[in-house]
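Reader: I'm new to reading protein models. Could you walk me through one?

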Amino acid sequence: MNKRKIAEAKGRRAETIAAWWLRLQGYRILAQRVRNARGEIDLIAHRFGVTVFIEVKSRSKNSDLEQSINAHKMQRVVAAAHAIAHEYSGDKRFDVILIAPWSWPIHLKNVHHDG
């Protein structure tokens, strides 16, 4: 298997873990891997009247998680979300979930503020 396929498989596995983590926290998963011309949203979830657009990042070491998300990547998630936001009612939020082996997922809420 080439590196790209391995990375994609790891990403899908991390998204599956994140989705189950969110379900355990009371979120309803509305969509996974939503792509449009502006970017990709890993997960779209809903809880307490808030639609949450979520970027999932996975790293092989906990120490690498901090550098896994940057402003440019979040802007692509935000742009992709804005393109479809009209499809979802209620408040909107942008979160990140960080996944590393042998650790609980780290859920960073409201990482991007519009306005």
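**Reading strands, turns and pockets**

Author: Happy to. Keep in mind that this is a predicted model. Let's begin with one pair of residues: L43 stands opposite I54 in β3.

Reader: Okay, so in what sense do β2 and β3 pair, parallel or antiparallel?

Author: Strand β2 (residues 39-47) pairs with β3 in the antiparallel sense, over five bridges.

Reader: And how many bridges are there between β3 and β4?

Author: Nine, and here the sense is parallel: β3 runs alongside strand β4, residues 91-99. One place to look is V52, which stands opposite R93 in β4.

Reader: How should I picture the side chains on a strand?

Author: As a general idea, side chains in a regular strand alternate between the two faces of the sheet.

Reader: Is β3 largely enclosed or not?

Author: Count the buried residues, where buried means under 20% relative accessible area. In β3 (residues 50-58), eight of the nine residues are buried, so the strand is largely enclosed by the rest of the structure.

Reader: Now the backbone. What is there to notice about phi?

Author: In general, most residues other than glycine have a negative phi. Now look at F48, in the loop between β2 and β3. Its phi is near 55°, a positive value in a residue other than glycine. The hairpin there has two residues between the strands.

Reader: Is F48 buried or exposed?

Author: Exposed counts as over 50% relative accessible area. F48 has 73% relative accessibility, so it counts as exposed.

Reader: Which residue in the segment after β5 has a positive phi?

Author: N110, which is found in that segment. Its phi is about 55°, although it is not a glycine. N110 is partly exposed, with a relative accessible area of 33%.

Reader: Which residues form a nonpolar patch on the surface?

Author: I106, L108 and V111, with about 200 Å² of accessible area together. V111 lies in the segment after β5 and is partly exposed, at 36% relative accessible area.

Reader: Last one: how do I look for empty space?

Author: The general trick is to roll a probe the size of a water molecule over the atoms, which shows where empty space is left. Here, the largest pocket has a volume of about 540 Å³. Of the 16 residues lining that pocket, the closest to its centre are A7, E8, G11, R33 and K57.

Reader: Which element gives the most to the lining of the largest pocket?

Author: That's α1, with six residues. The elements giving two or more residues to the lining are α1 (3-24), β1 (28-36), β2 and β3.

Key
Residues are numbered from 1 along each chain as its sequence is written. This is a predicted model: local features need pLDDT of at least 70, side-chain atom pairs count only at pLDDT 80 or more; totals for chains, interfaces and linings use all residues. Side-chain values use heavy atoms; hydrogens and water are left out. Buried means under 20% relative accessible area, exposed over 50%, partly exposed in between (1.4 Å probe, protein chains only). Helices (H or I, at least four residues) and strands (E, at least two) are DSSP runs, numbered from the N terminus. Two strands pair if DSSP finds at least two bridges between them. Patches are made of residues with over 30% relative accessible area and no salt bridge: like charges are joined within 9 Å, nonpolar side chains (Val, Leu, Ile, Met, Phe, Trp, Tyr) within 5 Å. Accessible areas come from the Shrake-Rupley method with a 1.4 Å probe; for residues, only the protein chains shown count as cover. A salt bridge is a side-chain nitrogen of Lys or Arg within 4 Å of a carboxyl oxygen of Asp or Glu. On a 1 Å grid over the protein atoms alone, a cavity is a set of points where a 1.4 Å probe fits but cannot get out, and a pocket is an open set with protein on both sides within 12 Å along at least five of seven lines; lining residues have an atom within 4 Å of a point. Grid points are joined across faces, edges and corners, and a volume is the space filled by probe spheres set on the points.
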